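Reader: Could you walk me through how to read a few features of a model like this?
Author: Sure, let's put it on screen and start with the overall fold.

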Amino acid sequence: MTAVETGAAVRAGRRRARDVVEQHLAEIEAREGDVHAFNLVLAAEARADADEIDRRVDAGEDPGPLAGVPVALKDNLCTRGVPTTCGSRILDGWRPPYDATVVSRLRGAGAVLIGKTNMDEFAMGSSTENSAFGPTRNPHDLTKVPGGSSGGSAAAVAAGMAGVALGSDTGGSIRLPASLCGVVGVKPTYGRVSRYGLVAYASSLDQIGPLAPTVADAAVTLDVIGGHDPADSTSIPEPSPGVSGQLAAGVEGLRVGIVHELTWDADPDVVARVVAAGRALEEAGARVEEEAHVPAAVYGLSAYYLIAPAEASSNLARYDGARYGLRVEGADVNAMYHATRSAGFGPEVKLRIMLGTYALSAGYYDAYYGQAQRVRTLIIRDFAAAYERFDVLLAPTSPSTAFTIGARTQDPLAMYLVDVCTIPANLAGIPAMSVPYGVGDDGLPVGVQVLAPALGERAMFRAAAALEASLG
Amino acid sequence: MTAGGAWETVVGLEVHCELATASKLFCGCRNAFGDEPNTDICPVCLGLPGSLPVVNEAAVELAMRIGTALNCEIRPSLFHRKNYFYPDMPKDYQVSQYDEPINVNGHLDLPDGSRVGIVRAHIEEDTGKTTHIGESGRIHGAAYALVDYNRAGVPLVEIVSAPDIRSGEQAKAYVNELRAILVAIGASDARMEEGSLRIDANVSVRPAPAGAPLGTRAEIKNLNSVRSLTRAVDYEARRQAELLEAGGRVVQETRHWDENAGRTSTLRSKEEAEDYRYFPEPDLAPLDVKAAVVLPKLPAERRADLAARAGVAPVDTQLVVEAGLDDLVAAAVQAGVEPRLALTRAANEVAGRTEAPDAAAFVATLRLEQEGTLTATQSKQVLARVVGGGDPAAVARELGFEALAAGALASTVDATIAAHVEEWNRYQMGEDKLTGFFVGKVMAATGGKADGRAVTALLRERRGS
Amino acid sequence: MGERISREDVRHVAKLARLTVSDEEVDLLTRQLAAVLEHAADVAALDTSGVPPTAHPVPLLNVLRRDEVRASLDREEVLAQAPATEDGRFRVPPILSVEP
């Protein structure tokens with residue numbers, strides 16, 4: 001049953017939320033030992049929440065469109081009273097005194113929180129191998145990575161351990177694991193979903209989004225969590241146009257282009273799937289051209305690895321042992337800062353903090369951070385030009401299928417290259433999603449990326465739905 | 001000149017004032033002084049993971065009022081992050097304004113007519129408060145610090161003056177005028193003793209002929225009162241002048257003012273300047289508020305207005321305007337009270353009283369004084385009773401102040417003259433300073449009821465000049 | 001602009017970020033940071049004169065809230081998460097000097 005079907009069934013009283021939760025808990029029992037999607041499974045709480053949903057349905061109330069759907073939350077989303085680690089030792093055991101806005105909205109739609117999922121530490125990574133609590137494994141092949149940084153969320157959905165999940169995407173961290181695990185993953189337009197309660201990595205790039213088995217499930221979830229939030233000053237004030245009612249609208253006349261620059265670094269079997277996706281949309285009535293151009297996209301990786309670490313170096317300064325989280329004592333407060341941060345952060349986080357601090361430092365700001373922000377403008381302009389000619393764009397999500405655990409951990413740059421197709425959408429603030437579209441030569445999942453202009457989620461989801469339908 | 005003849009003192013002041021908003025700059029926590037520690041905190045002002053700031057519109061409005069009152073250009077502006085580590089900083093960065101501040105290029109005209117440039121007045125968030133416990137470094141294990149974040153996130157405007165101030169006195173005048181303005185426009189309580197006004201002084205000296213390049217400056221901190229500011233500026237200017245005359249060099253550093261010892265000392269020597277790694281705050285949108293700012297009358301204008309109505313110089317109205325008594329004095333002048341009398345009595349007898357002054361009682365009392373029914377001393381005593389309202393004539397009777405009949409006074413004066421022939425001769429020869437002698441004698445003889453001016457007038461009349 | 005970052009730079013930056021780095025870590029970090037900056041040389045070399053920086057991908061202006069007091073957090077709930085407290089305040093080691 002999809003999440004949409006589950007929600008409808010529970011709401012109508014045709015299915016018990018408690019049964020749904022038990023089914024997913026059984027899946028967790030069976031597979032979590034191998035997969036390690038979760039840092040924390042909320043079995044007792046989920047059962048209690050499900051019972052409450054059932055009681056409300058029995059009383060004639062409507063809990064909402066996600067009634068009884070078990071939701072897994074990436075562990076950088078604040079959940080009141082429930083440990084939120086961000087995959088890091090430095091927040092091990094920290095219980096936020098408040099819920100993220102998206103968490104409140106999910107609860108308000110009847111969803112049942114089933115657990116906090118594993119992630120690369122502070123969302124810095126592309127494979128979920130940077131977690132302080134051990135890696136997550138790809139449910140399709142336990143020797144492979146699930147992708148990152150929302151690897152736990154993707155794996156939980158792929159393995160049937162959750163109905164839907166939320167992740168965060170700063171340079172591809174929802175779309176990439178979605179692609180590698182064969183599920184749908186959506187990064188909305190920047191500002192469409194409130195970041196209040198998302199532990200910040202790179203503030204001008206971070207967005208929360210759904211991971212789900214189907215396009216329709218992702219659509220319903222996005223409609224629930226999206227929309228203006230006065231607690232987030234970067235939240236778009238205009239009401240978000242709902243997408244879940246639009247999916248069957250089809251792609252007749254939709255102008256589709258494949259982003260040429262983003263195919264350059266991808267494996268041939270991956271590109272083949274993107275080309276096949278283009279043909280499928282054409283058969284469904286779209287006008288597809290194989291060469292759309294976003295020339296500045298080739299600078300995206302470099303710009304990202306200056307901007308994101310810079311903002312992160314500032315966002316992560318607060319982890320200093322003074323108010324919450326890990327503290328390693330020192331003779332004076334400066335020593336405490338040093339000891340706490342050195343013990344609490346993993347090597348990738350330290351590397352990015354160093355990189356970001358350097359990029360902002362006196363004498364280097366203009367050449368690095370300042371320059372990267374100007375390159376960002378070029379990327380925005382190139383996308384805008386492309387969207388004069390096209391309604392949606394297609395590209396690979398990941399340059400390859402899932403790689404082996406440990407294959408890229410020795411060289412940070414090798415790992416960074418994995419984000420080359422996903423980063424440009426974050427820099428531009430435009431929405432992008434990954435739709436499962438067959439497998440690569442090795443039989444592992446391949447996702448195709450659909451990109452739309454800012455606030456163009458409707459066209460994006462229509463194309464995604466058509467792609468999904470074309471797989472039969 | 002505080003530095004000494006060959007040297008010119010150059011001072012710039014950085015004044016932080018806490019804005020009088022109900023809630024903090026980026027969250028809805030109470031902006032209040034004196035609450036129990038850590039009771040006015042939330043995820044935002046505590047900087048908890050996942051929290052985000054949202055700008056308080058009243059803080060922007062007050063910042064624009066300040067900019068307007070200081071004749072600044074109000075510009076589109078951005079927030080920037082200023083990154084550094086300190087326990088009173090919940091996020092280990094402070095959200096402030098850097099190279100695109102809201103107010104720039106203003107000036108403040110002081111009562112003495114001098115003008116001090118205002119470089120900028122920008123918005124930023126306040127930090128928490130740290131209390132040091134125990135002797136640091138002396139007793140192992142006894143030293144530590146406690147932090148209260150109630151103040152973290154309170155909105156501040158930092159007002160940076162140009163280095164136009166030339167003495168401790170002028171620094172004092174600047175701060176007093178600035179405070180008066182901040183209070184008049186409702187932007188801040190501006191109380192140094194409560195920390196809603198904090199001052200750092202940048203002091204340097206240079207050779208006296210104007211036009212010499214600026215000298216190296218020292219920043220003075222820990223100025224807890226206007227008196228400290230004045231003393232510290234003068235001390236530091238002298239210290240630097242003496243140092244330079246002895247062939248030494250002034251070090252650019254932060255110095256601590258010791259109120260008890262009356263001197264500044266090195267706070268700590270820094271090897272290198274702090275690198276704040278400013279970058280635009282990604283969590284906040286730029287500001288460009290177009291609303292027109294309407295200000296109440298500022299102190300300078302009130303002084304000028306009252307001066308024009310009273311026929312005196314603006315500086316003579318300063319005390320009265322500072323006390324908010326301009327309308328009272330204007331009413332008195334309108335009713336025929338002599339302006340200087342009204343100004344003096346208002347400044348000395350009414351200012352500082354808690355009751356709202358009653359104009360009718362004030363005017364009536366001063367008219368009794370003016371016509372000689374009450375002496376100056378009697379007038380002050382009556383005012384003390386009728387400030388908030390009352391009948392001065394009734395109070396005067398109650399206090400036993402009877403008007404001396406004009407004839408009775410003249411005969412007392414004549415009797416006194418007759419009793420002091422030698423002094424009278426000298427007075428007749430032109431020794432005017434004996435006026436006081438005779439007035440004193442007449443006062444004693446009348447039990448204090450004589451009006452000094454009336455006595456003086458009679459003496460002159462008897463003398464014939 | 002493809003200069004490597006020096007070991008001195010790395011030590012300095014580590015201090016700014018309050019991270020303690022051993023000699024081996026300095027070596028490793030210097031190599032890794034140099035590699036990333038080398039890769040970013042393409043961006044550094046671009047001619048972006050006349051191109052304004054993008055600080056916010058979705059341009060908003062004047063996002064303000066009304067000056068209203070709202071409930072604060074319960075102090076006990078917050079202090080319960082703190083590593084050390086005394087008298088309702090957060091307790092930290094002495095602040096001798098916070099120079100990097």
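**Reading the model, from fold to backbone**

Author: This is a predicted model. In chain A, residues 24 or more positions apart make up 75% of the contacts with a separation of 6 or more.

Reader: What radius of gyration does chain A have, and what would a compact globule have?

Author: The idea is to set the value against what a compact globule of 472 residues would have, near 23 Å; chain A has 21 Å, which agrees. Along the principal axes, the C-alpha atoms of chain A fill a box of roughly 65 × 55 × 45 Å. Chain A holds 15 helices and eleven strands, and 67% of its 472 residues count as buried.

Reader: And how much of the accessible surface of chain A belongs to carbon and sulfur atoms?

Author: That share is 50% of about 13300 Å². As for charge, chain A has 39 positive and 54 negative charges, and their mean positions are 4 Å apart.

Reader: Let's turn to a single helix. Is helix 7 of chain B largely enclosed, and why or why not?

Author: Count its buried residues, those under 20% relative accessible area. Nine of the twelve residues of helix 7 of chain B are buried, so the rest of the structure largely encloses this helix. Among them are L341(B), L343(B) and V350(B), but also R345(B) and E349(B).

Reader: Which helices do the buried residues of helix 7 of chain B pack against?

Author: Their partners are helix 4 (299-310), helix 5 (318-322), helix 6 (326-334), helix 8 (359-370) and helix 9 (376-386) of chain B. Helix 7 itself (residues 339-350) reaches 15 Å from first C-alpha to last, close to the 16 Å expected at 1.5 Å a residue. After helix 7 of chain B comes G352(B), with a positive phi near 90 degrees.

Reader: What should I look for in the backbone elsewhere?

Author: Most residues other than glycine have a negative phi, and most peptide bonds are trans. Against that background, C86(A) has a positive phi, near 55 degrees. C86(A) sits in the loop between strand 2 (70-74) and helix 4 (101-108) of chain A, and is buried at 0% relative accessible area.

Reader: Is N71(B) buried or partly exposed?

Author: N71(B) counts as partly exposed, at 41% relative accessibility. Its phi is positive too, near 60 degrees, and N71(B) lies in the loop between helix 1 (57-69) and strand 3 (73-74) of chain B.

Reader: Which peptide bond is cis?

Author: The one from G148(A) to S149(A), with omega near 10 degrees. S149(A) belongs to the loop between strand 3 (112-117) and helix 5 (151-158) of chain A.

How values were computed:
Residues numbered from 1 in each chain as written. Chains lettered and ligands numbered in written order. Predicted model: local features only at pLDDT ≥ 70, side-chain atom pairs only at ≥ 80, totals over all residues. Heavy atoms only, no water. Helix = DSSP H or I, 4+ residues; strand = E, 2+ residues; numbered from the N terminus. Expected span 1.5 Å × (residues − 1). Buried < 20%, exposed > 50% of the residue type's maximum accessible area, 1.4 Å probe, protein only. Contact = heavy atoms within 4.5 Å. Rg over C-alpha atoms; globule rule 2.2 N^0.38 Å. Areas by Shrake-Rupley, 256 points an atom, 1.4 Å probe, with all protein chains shown as cover. Lys, Arg positive; Asp, Glu negative; His and termini not counted. Charge placed at Lys NZ, Arg CZ, Asp CG, Glu CD.
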